[in-house]
Amino acid sequence: MKKRKFMIGSAIMLVVLLVAGGTLAWFTASTEPVVNEFTAGTLKMNLVDSYCIATNVNPGDCYDKIIFVENEGTKRMFVRVKLTPEFTNMPNGDLSLVDFPILNGWVLHTDGYYYYPFELAPGADTPNLIKQVCFDGPGMGNEYQGVEFTLTVESEAIQVTNGAALAEWGIDPLTLTP
C-alpha cells in the first residue's frame, strides 16, 4: 500500500511538473530580429591649386596661383591649409623676396596653418587663400639666377561636430577672428 501511495504521489508530482513546464512554454514569446543601420557621413575635400608653370622667372614677375578648398562630402567640415615656401637649391635664400598675399577670410594661427574660421557646408567652397605669387624686382640680385622656388600646399579637413577640431588640432576654428 505504501508503495502504491508513493507511486500515485510520484505520478501526481510528475503531472504537476509537466503542467507547470508546459505552462511556462505557453507564456513565452519571441520577435523577429530588428536591424538598426547607421550610415556614416563622408568627409571629402578637394584642394584646388591652380597655377601656371613658371619658367624663366624674372625679378618683378607675378604669376596667378589660386588656392581654395571644396567640400565634396556630406558632412560640414573645418579646413586648414599650410603653405611652405622654399628655395630648393639655395637653402639660405631670402623668402621675403617672394610675396603671396593671403586674402580675406583666412586666419594664420601660431601652428603655421591658415584656418578658414567658418563651417564649410557640403557642396560649398572656401574663398581663395591666395591669388598670386610675386618675385621682388629690386631685391633679387644675380645670386638668384637659376634658383628654384617652390610653394608646397597642404590642406586638412575635420568634421565640425563633437569637438573634433579642438581634440585633434588643439583649436576651435570658430574662435578665430578673420
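## Exposure and the setting of Pro85

A residue is called buried when its relative accessible area is under 20%, exposed when that area is over 50%, and partly exposed in between. In this predicted model, Pro85 has a relative accessible area of 23% and is therefore partly exposed. Pro85 belongs to strand S3, and, once its neighbours within four places in sequence are set aside, Pro85 is in contact with Leu95, Phe100, Phe149, Thr150 and Leu151. The C-alpha atom of Pro85 is separated by 8.6 Å from that of Val98, a residue 13 places away along the chain.

## The four-stranded sheet

Four strands form an open sheet in the order S1-S2-S7-S4, and their pairing is antiparallel. Strand S1 (45–51) and strand S4 (98–99) stand at the edges with a single partner strand each, so one side of each is left without a neighbour in the sheet. At the S4 edge, the antiparallel pairing with strand S7 (residues 132–135) runs over two bridges, and Asp99 has Cys134 of S7 as its bridge partner.

## Nonpolar cores

The largest nonpolar core holds 25 residues, of which Val81, Leu83, Phe100, Leu129, Ile130, Val133 and Phe149 touch the most other members. At least two residues of this core come from each of strand S2 (62–71), strand S3 (77–87), strand S6 (114–120), S7 and strand S8 (149–159); S3 gives the most, with five residues. A second core, separate from this one, has 11 residues, among them Tyr115, Ile158, Ala164 and Ala165.

Val133 illustrates the surroundings of one of these core members: leaving out residues up to four places away in sequence, Val133 touches Asp61, Cys62, Tyr63, Lys65, Val98, Asp99, Phe100, Phe149 and Leu151. Phe100 and Phe149 thus appear among the contacts of Val133 as well as among those of Pro85.

## Two buried charged side chains

Which residue in strand S2 is joined to Asp49 by a polar contact between side chains? That residue is Lys65, which is found in S2, and the contact between the Lys65 and Asp49 side chains has a length of 2.6 Å. Lys65 has a relative accessible area of 8% and is buried, because that value lies under the 20% cut-off. Beyond residues up to four places away in sequence, Lys65 touches Asp49, Ser50, Tyr51, Ile130, Lys131, Gln132, Val133, Leu151 and Val153.

Arg80, which lies in strand S3, also counts as buried, at 8% relative accessibility. The side chain of Arg80 makes a polar contact of 3.4 Å with the side chain of Asp111, and a further polar contact, of 2.8 Å, joins the side chains of Arg80 and Tyr115. With residues up to four places away in sequence left out, Arg80 touches Asp111, Tyr113, Tyr114, Tyr115, Glu154, Ser155, Glu156 and Trp169; Tyr115 is also one of the residues of the second core.

## The largest pocket

The largest pocket has a volume of about 650 Å³. Its lining comprises 25 residues, and those closest to the centre of the pocket are Ala54, Val57, Phe135, Glu148 and Phe149. S1, S2, S7 and S8 each supply at least two residues of the lining.

Phe149 links several parts of this description, since this residue is among those closest to the pocket centre, is one of the residues that touch the most other members of the largest nonpolar core, and is in contact with Pro85.

Note on methods:
Residues are numbered from 1 along each chain as its sequence is written. This is a predicted model: local features need pLDDT of at least 70, side-chain atom pairs count only at pLDDT 80 or more; totals for chains, interfaces and linings use all residues. Side-chain values use heavy atoms; hydrogens and water are left out. Two strands pair if DSSP finds at least two bridges between them. A nonpolar core is a set of buried Ala, Val, Leu, Ile, Met, Phe, Trp, Tyr and Cys residues joined through side-chain atoms within 4.5 Å. Buried means under 20% relative accessible area, exposed over 50%, partly exposed in between (1.4 Å probe, protein chains only). Contact means heavy atoms within 4.5 Å. A polar contact is a pair of N or O atoms within 3.5 Å; within protein, one must be able to donate a hydrogen and the other to accept it, and residues adjacent in sequence count only if both atoms are side-chain atoms. On a 1 Å grid over the protein atoms alone, a cavity is a set of points where a 1.4 Å probe fits but cannot get out, and a pocket is an open set with protein on both sides within 12 Å along at least five of seven lines; lining residues have an atom within 4 Å of a point. Grid points are joined across faces, edges and corners, and a volume is the space filled by probe spheres set on the points.
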